[in-house]
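The following exercises concern one protein chain and are to be solved from its coordinates. Each task is followed by a solution in steps.

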Amino acid sequence: MGFDQYHEPPEELSAESRTFARLCASLTEEAEAIGWYAQRLDVEGDADAQGEEFKHFAMDLEFLLRRSPRWRQICEGVLFQEGDIVAHGEAAEAGSAEASADVEESGAADGSLGIGSLKGGER
């Protein structure tokens, strides 16, 4: 596999940015595989193979979202919601920008969004 997922010189990118690029490339590969299997199902009928690709895509997406709290917050505001997708997207984006601004203002550098722990009632 080449390194065409980078748009900047890899040696100038942090390890976190390189991992993020690999995750994005993996999501793309899994999405393409889902499409290929959808086509194959039309002529073959092996539904198990497509299910494996769905699983891999979901696992890659979850891993990416665990590493990217703002992405996760936006996705949670859009995915699996009834109603207008665009309106949900705009609200989720605005909410994540506000949360990011609150974190910067509060000085919470730990990525916690400044809400404290849900364990033990700490705040």
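**Exercise 1. Architecture**

In which order do the elements of the protein run from the N terminus on? State also how many helices and strands there are.

Solution. The conventions come before the steps. The model is predicted, so that local features need pLDDT of at least 70 and side-chain atom pairs count only at pLDDT 80 or more, while totals for chains, interfaces and linings use all residues. Residues are numbered from 1 along each chain as its sequence is written, and side-chain values use heavy atoms, with hydrogens and water left out.

Step 1. Assign the elements as DSSP runs, numbered from the N terminus: helices are H or I with at least four residues, strands are E with at least two.

Step 2. The assignment gives 4 helices and 0 strands, and the order is α-α-α-α.

**Exercise 2. Global burial and surface**

Determine what percentage of the 123 residues of the protein is buried, and characterise the exposed area.

Solution.

Step 1. Classify each residue by relative accessible area: under 20% is buried, over 50% is exposed, and in between is partly exposed (1.4 Å probe, protein chains only). On this basis, 19% of the 123 residues count as buried.

Step 2. Sum the accessible area by the Shrake-Rupley method with a 1.4 Å probe. The protein exposes about 9200 Å², of which carbon and sulfur atoms supply 54%.

Step 3. Take the contacts (heavy atoms within 4.5 Å). Among those between residues at least 6 apart in sequence, 32% join residues at least 24 apart.

**Exercise 3. Spans and faces of helix 1 and helix 2**

Compare the end-to-end span of each helix with its expected span, and locate the buried residues.

Solution.

Step 1. The expected span is 1.5 Å times one less than the number of residues. Helix 1, with 29 residues, reaches 42 Å from its first C-alpha to its last, close to the expected 42 Å.

Step 2. Helix 2 (residues 47-67) has 21 residues and should span 30 Å; its end C-alpha atoms lie 31 Å apart, which agrees.

Step 3. Buried in helix 2 are Ala49, Gln50, Glu53, Asp60, Leu64 and Leu65. These residues lie on the same side of helix 2, because they cover an arc of only 145° around the axis, the arc being that of the directions from the helix axis to the C-beta atoms.

Step 4. The face of helix 2 turned away from this buried side carries the exposed residues Ala47, Asp48 and Arg66. The packing partners of the buried residues of helix 2 are helix 1 (15-43) and helix 3 (69-78).

Step 5. The buried residues of helix 1 include Thr19, Leu23, Leu27 and Ile34, and helix 2 is among the elements that cover the buried set.

**Exercise 4. Ring interactions**

How many aromatic pairs does a search of the whole structure find? Describe the geometry.

Solution.

Step 1. Rings of Phe, Tyr and Trp (its six-membered ring) pair if their centres lie within 6.5 Å; planes under 30 degrees apart count as stacked, over 60 as edge-to-face and the rest as tilted. The search finds 1 aromatic pair.

Step 2. Phe20 and Trp71 form this pair, with 5.2 Å centre to centre and 85° between the planes, which is edge-to-face. Phe20 lies in helix 1 and Trp71 in helix 3, so the pair ties together parts 51 residues apart in sequence.

Step 3. Phe20 is partly exposed at 29% relative accessibility, and Trp71 is partly exposed at 40%.

Step 4. Test for a charge over a ring: NZ of Lys or CZ of Arg within 6 Å of the ring centre and within 35 degrees of the ring normal. The charged end of Arg40 sits over the ring of Tyr37, 5.1 Å from its centre.

**Exercise 5. An unusual backbone angle**

Where is Phe80 found, and is Phe80 buried or exposed?

Solution.

Step 1. Phe80 is found in the loop between helix 3 and helix 4 (85-106). At 83% relative accessibility, Phe80 counts as exposed.

Step 2. Most residues other than glycine have a negative phi. Phe80 has a positive phi of about 60° although it is not a glycine.
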